[in-house]
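Here are a few exercises on backbone oddities and charged pairs. Have a look at the structure first, then work through them with the solutions.

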Amino acid sequence: PLGDGRWQICLDRSYPGAATYLAVRAPGDADIRTVVQPCHINLKKNDTGRKQTITFAPIADVPLGTQSIRLVARSSADLPVRFFVRAGPAVIHGDELEFTPVPPRSQLPLTVTVDAWQWGRSTAPAVQTAPLAERQFKILPTK
């Protein structure tokens, strides 16, 4: 939620297969009980307007213990590109990939997969949803 009744799409590792749901909640009072209404949303890619692609810079392998790395990607439509972690011990904060603790008994090297995405724009000038750009790299044992 962005506020003022506005929302933004934010993709994660479940995209594109998982269903998207929202719950609308109205608090109750002395006369009316609290109501929660779930709703299912079908995320339909923007398929009208100018096509766009994403150029996503390669990510070099990193040694275990690396705290974070900056991600660099660009949309051919000059729209902001976002990221999500498809697999691996990391999370995204803006354009930074921050590493989380490696799970116990994990065998190094570990592969991390990051996707870059740009949803496009349905208002003029319309821009289509870009195909996902994916990069993989490894977390290597320290020497």
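Buried means under 20% relative accessible area, exposed means over 50%, and partly exposed is anything in between. Keep in mind that this is a predicted model.

**Exercise 1.** Work out which class of exposure Arg86 and Glu134 fall into.

Solution. Start with Arg86: its relative accessible area is 24%. That lies between the 20% and 50% cut-offs, so Arg86 is partly exposed. Next take Glu134, which comes out at 39%. The verdict for Glu134 is therefore partly exposed too.

**Exercise 2.** Find out how Arg86 and Glu134 are connected, and where each one sits in the chain.

Solution. First check the charged atoms: the closest N and O atoms of Arg86 and Glu134 are 3.9 Å apart. The cut-off for a salt bridge is 4 Å, so the pair makes it. Then place the partners: Arg86 belongs to strand β7 and Glu134 to strand β11, 48 residues apart, so this pair links distant parts of the chain. Finally, look for further partners: Asp115 joins Arg86 and Glu134 in a network of salt bridges.

**Exercise 3.** Asp78 has an unusual backbone angle; describe it, then say where Asp78 lies and what its side chain meets.

Solution. Begin with the backbone. Most residues other than glycine have a negative phi. Asp78 has a positive one, near 60°. Now the location: Asp78 is in the loop between β6 (73–75) and β7 (82–87). With a relative accessible area of 54%, Asp78 is over the 50% cut-off and therefore exposed. Last comes the side chain, which forms a salt bridge with Arg74 at 2.6 Å, N to O. Arg74 is exposed as well.

**Exercise 4.** Go to the loop between β9 and β10 and describe what the backbone does at Arg105 and at Pro109.

Solution. Take Arg105 in this loop. Its phi is positive, about 65°, although Arg105 is not a glycine. Relative accessibility is 80%, so Arg105 counts as exposed. Move on to Pro109, in the loop between β9 (96–99) and β10 (110–117). The peptide bond from Leu108 to Pro109 is cis, with omega near 5°.

**Exercise 5.** Which peptide bond is cis, with omega about -10°, and where is its proline found?

Solution. The bond is the one joining Ala124 and Pro125. Pro125 is found in the loop between β10 and β11 (133–140). For context, most peptide bonds are trans.

Key
Residues numbered from 1 in each chain as written. Predicted model: local features only at pLDDT ≥ 70, side-chain atom pairs only at ≥ 80, totals over all residues. Heavy atoms only, no water. Helix = DSSP H or I, 4+ residues; strand = E, 2+ residues; numbered from the N terminus. Buried < 20%, exposed > 50% of the residue type's maximum accessible area, 1.4 Å probe, protein only.
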